[in-house]
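Here's a quick briefing to read with the structure open beside you. Take a look at the fold first, then come back for the bullets.

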Amino acid sequence: MDTKELLKKVRKIEIKTRRLSDHIFGGEYHSTFKGRGMTFSEVRQYQFGDDVRNIDWNVTARTNQPHVKVFEEERELTMMLMVDVSASEMFGTQQQFKNEVVTEIAATLAFSATQNNDKIGLILFSDQIELYIPPKKGRSHVLRIIRELIEFQPQSTKTNVSEAFKFLSNVSKKKAIVFVLSDFIADAYKQNLKISAGRHDITGIRVYDQRETEIPNLGMVQMEDAETGEMMLVNTGSKQVRNDYSKFYNDKITYFKDSFTKSGAGTIDCRVDESYVKKLLGYFKRRG
């Protein structure tokens with residue numbers, strides 16, 4: 001992709017997603033994640049109606065007057081976007097590929113964070129860490145993230161979600177708001193997710209295409225595994241083959257829901273032909 005075409009694409013995504021974050025998500029994002037961190041501000045004399053749990057007993061003993069600690073919102077937060085760039089993300093039978101929808105969702109979230117003066121970082125992963133952009137503020141930083149999401153060429157086609165969580169634990173020592181965008185056709189990440197969720201506020205956004213949930217009956221078909229590149233002849237006319245695939249797919253989704261829920265993390269399911277705007281808004285409102 002040449003520079004001119006890339007800039008045009010970045011601009012198009014910026015206009016669409018910035019409008020969404022300005023008009024819709026800014027306030028919702030703020031009310032959902034505000035107050036996650038409270039910093040001690042000052043001590044003042046107790047007033048009727050103050051929460052007795054905030055009484056500062058040291059100052060109260062010293063002055064013989066009840067005093068309470070005053071806290072203020074630690075408004076500057078860090079958002080980390082963890083994006084799956086494995087080959088299965090390049091799938092799509094509707095108007096958009098999964099990775100295009102992922103880019104728009106990530107951009108919308110990033111602009112929402114920018115509106116609240118928060119930092120945004122990016123982790124692109126396959127079965128390895130493909131790219132890490134440390135958290136920073138500002139529009140030009142968000143545009144760089146969008147640029148990478150559009151044109152980045154991963155070295156590997158495979159997926160390892162567990163590696164991504166391990167990396168997150170190493171680079172983010174302070175609590176962050178983390179959105180993981182993937183189709184989650186993976187497993188064996190429960191343990192590292194649990195460790196990460198103990199420190200961070202994590203949400204898994206599963207972006208998928210309806211067509212990948214089952215194999216249609218098309219007779220003998222040559223298929224390629226997007227992540228391994230392996231070619232195979234598949235008899236889609238066999239009910240057993242179709243049932244085995246459905247079970248494989250549904251097992252992965254059940255693993256995703258169970259792992260995130262049991263770790264105390266949130267989940268959003270977003271089909272590529274559905275409105276991610278409604279999905280995100282509904283999620284923010286439920287949490288807010």
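**Two odd backbone spots, one pocket and the overall picture**

N117 is partly exposed, since its relative accessible area of 45% falls between the 20% limit for buried and the 50% limit for exposed. Bear in mind that this is a predicted model. N117 is worth a look for its backbone too: its phi is positive, at about 65°, although it is not a glycine.

**Positive phi without glycine**

- To find N117, go to the loop between α3 and β4 (119-125).
- F184 also isn't a glycine, yet it has a positive phi of about 55°.
- You'll find F184 in the loop that runs between β6 (177-182) and α6 (190-199).
- Is F184 buried or exposed? F184 counts as buried because its relative accessible area is 0%, and the cut-off for buried is under 20%.
- Put side by side, N117 is partly exposed at 45%, whereas F184 is buried at 0%.

**The second largest pocket**

- The second largest pocket comes out at about 690 Å³ in volume.
- Its lining takes in 28 residues, and those closest to the pocket centre are N99, E100, T103, L149 and I150.
- Which elements give two or more residues to this lining? They are α1 (3-33), β3 (78-84), α3 (98-115) and α4 (139-151).
- The top contributor to the lining of the second largest pocket is α3, which supplies five residues.
- α3 turns up twice in this briefing, then: in that pocket lining, and at one end of the loop that holds N117.

**The chain as a whole**

- Counting secondary structure, the protein chain has eight helices and 10 strands.
- Along the principal axes, a box of roughly 85 × 45 × 30 Å holds the C-alpha atoms of the protein chain.
- The protein chain has 288 residues, and 45% of them are buried.
- Take the contacts between residues at least 6 apart in sequence: 73% of these join residues at least 24 apart.

**Surface and charge**

- The protein chain has an accessible surface of about 15300 Å², and carbon and sulfur atoms account for 48% of that.
- On the charge side, the protein chain carries 44 positive and 39 negative side chains.
- How far apart do the centres of the positive and negative sets lie? The distance between the two centres is 4 Å.

Key:
Residues numbered from 1 in each chain as written. Predicted model: local features only at pLDDT ≥ 70, side-chain atom pairs only at ≥ 80, totals over all residues. Heavy atoms only, no water. Helix = DSSP H or I, 4+ residues; strand = E, 2+ residues; numbered from the N terminus. Buried < 20%, exposed > 50% of the residue type's maximum accessible area, 1.4 Å probe, protein only. Contact = heavy atoms within 4.5 Å. Areas by Shrake-Rupley, 256 points an atom, 1.4 Å probe, with all protein chains shown as cover. Lys, Arg positive; Asp, Glu negative; His and termini not counted. Charge placed at Lys NZ, Arg CZ, Asp CG, Glu CD. 1 Å grid on protein atoms, 1.4 Å probe; cavity = no way out; pocket = protein on both sides within 12 Å on 5 of 7 lines; lining within 4 Å. Points joined across faces, edges and corners; volume = space filled by probe spheres on them.
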